[in-house]
Amino acid sequence: MNYIIGDVQGCADAFDRLLAAIDFSPSRDRMVVLGDLVNRGPQNLATLRRLRELGNAATCLLGNHDLHLLAVAHGVRPLHAGDTVKDILDAPDRDAWIAWLREHRLAVHDQGWLMVHAGVVPQWDLHTTLRLAGEVEQHLRGDDMRDFLRVMYGNQPARWDETLSGNDRLRFAVNVLTRIRFVEPDGTLELNVKEGAGAAPAGHMPWFEAPGRKTQGVPIAFGHWSTLGLLNRPDLLSLDTGCVWGGKLSAARIDGGRRDVIQVSCDGVRQPI
């Protein structure tokens, strides 16, 4: 059985309850976790341990919080007031955990689904999305990772152009794959508003509503947007349901033409769909 799981964000107990709710077996089942594995929750090191223990049964994507941890660990960014990753940073084997984290993906295509942390811009098709994710992954795994992390942050450029190169190209790809929520009709990014779809700034829309989106018809699963909540459409799954904020942790079974959504809340009470 194949599952997609929304943002865990260091909520290891809820993750354990979700695995129990779906009767997950690493010898039989597979999962893709949609990024933001850590931060803001209380059990970040325990979460990484759970995921690593699953071995090849778990594919983990990187979200903006995971990239933030990499930047903090390499002295590129300071800890923020709401960060809760000191259990990882203070661990005696922290370097091994940081090395493990940087090996993960930013986009995968499996079981007919494109899976990313945040979303895509309308100009990207499936191939372009995977290609640009691969370019970023190469730098995260390479000897120049620290230099890359230093130039990764910023909101410019705000619009895709195939001629983008160097740091601008990589920064734009990171912003799309890990931060996007709203865009203008031409795909220009708006990266400041974090509220739900109804709070779209004038002239903007959720990225998945952009006209002429080249991934239209490609089933896409994403997390990142807790204020959007669960979306369960034929070709769209939004699975960040805000467990870390007192909401739910969500999984979707996607194999064999099925679409089963299972959720647990932070108090352990399973929520029916």
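**Strand pairing, helix packing and loop geometry in a predicted model**

Isoleucine 4 of the predicted model stands opposite valine 32 in strand 2. The two strands concerned, strand 1 (residues 2-5) and strand 2 (residues 30-33), run parallel and are joined by 4 bridges. Strand 2 also pairs with strand 3 (residues 58-60), again in the parallel sense, over 3 bridges. Within this second pairing, valine 33 has cysteine 60 in strand 3 as its bridge partner.

Both parallel pairs are connected through a helix. Strand 1, helix 1 (residues 12-21) and strand 2 form a right-handed β-α-β unit. A right-handed β-α-β unit is also made by strand 2, helix 2 (residues 44-53) and strand 3. The axes of helix 1 and helix 2 cross at roughly 30° and come within 8 Å. Because angles under 35 degrees count as roughly parallel, helix 1 is described as roughly parallel to helix 2. At the contact, Ala12, Asp13, Phe15 and Asp16 of helix 1 meet Ala46, Thr47, Arg50 and Leu51 of helix 2. The contact comprises 4 nonpolar, 1 polar and 3 charged residues.

In helix 2, the buried residues are Asn44, Leu45, Ala46, Thr47, Leu48 and Leu51. Their cover includes helix 1, strand 2 and strand 3, together with helix 4 (86-89) and helix 5 (94-101). Of these buried residues, Ala46, Thr47 and Leu51 are among those that meet helix 1. Just after helix 2, glycine 55 adopts a positive phi of about 60°.

The loop between strand 2 and helix 2 contains two further residues with positive phi. Most residues other than glycine have a negative phi. Aspartate 36, which lies in this loop, is not a glycine but has a positive phi of about 50°. Its relative accessibility is 3%, so aspartate 36 counts as buried. Asparagine 39 lies in the loop between strand 2 and helix 2 as well. Asparagine 39 has a positive phi of about 90°, although it is not a glycine. With 1% relative accessibility, asparagine 39 counts as buried.

A separate description applies to the open sheet of 5 strands, whose order is 4-5-9-11-10 and whose pairing is mixed. Strand 4 (107-110) and strand 10 (231-233) are its edge strands, each pairing on one side only. On average, neighbouring strands of this sheet are turned by 15° against each other, direction ignored. Helix 6 (residues 126-141) packs on the sheet and touches strand 4 and strand 5 (113-116). The direction of helix 6 makes about 135° with that of strand 4. At the other edge, strand 10 runs antiparallel to strand 11 (residues 236-238), to which 3 bridges join it. Arginine 233 stands opposite leucine 236 in strand 11.

An open sheet of 3 strands has the order 7-6-8 and antiparallel pairing. Strand 7 and strand 8 stand at the edges with a single partner strand each, so one side of each has no neighbour in the sheet. Strand 6 (residues 182-183) pairs with strand 7 in the antiparallel sense over 2 bridges. Here valine 183 stands opposite leucine 189 in strand 7.

The loops that connect the strands of this sheet hold residues of contrasting accessibility. Glycine 187 is located in the loop between strand 6 and strand 7 and counts as buried because its relative accessibility is 0%. Discounting residues up to four places away in sequence, glycine 187 touches Val121, Pro122, Gln123 and Ala158. Glycine 187 and proline 122 are 65 residues apart along the chain, while their C-alpha atoms are separated by 5.8 Å.

Proline 201 occupies the loop between strand 7 (189-190) and strand 8 (205-206). At 21% relative accessibility, proline 201 counts as partly exposed, because buried requires a value under 20%. Leaving aside neighbours within four places in sequence, the contacts of proline 201 are Phe182, Glu190 and Val193. From C-alpha to C-alpha, proline 201 and valine 183 are 9.2 Å apart in space, with a sequence separation of 18 residues.

One cis peptide bond is also described. Most peptide bonds are trans. The bond from glutamine 156 to proline 157 is cis, with omega near 0°. Proline 157 lies in the loop between helix 7 (145-151) and helix 8 (166-179).

Conventions:
Residues numbered from 1 in each chain as written. Predicted model: local features only at pLDDT ≥ 70, side-chain atom pairs only at ≥ 80, totals over all residues. Heavy atoms only, no water. Pairing = 2+ DSSP bridges. Axes fitted to C-alpha atoms, helices over the stretch in contact; angles between N-to-C directions. Contact = heavy atoms within 4.5 Å. Right-handed = clockwise from strand over helix to strand, strands pointing away. Parallel < 35°, antiparallel > 145°, perpendicular 65-115°, else oblique. Nonpolar A, V, L, I, M, F, W, Y, C, P; charged D, E, K, R; others polar. Buried < 20%, exposed > 50% of the residue type's maximum accessible area, 1.4 Å probe, protein only.
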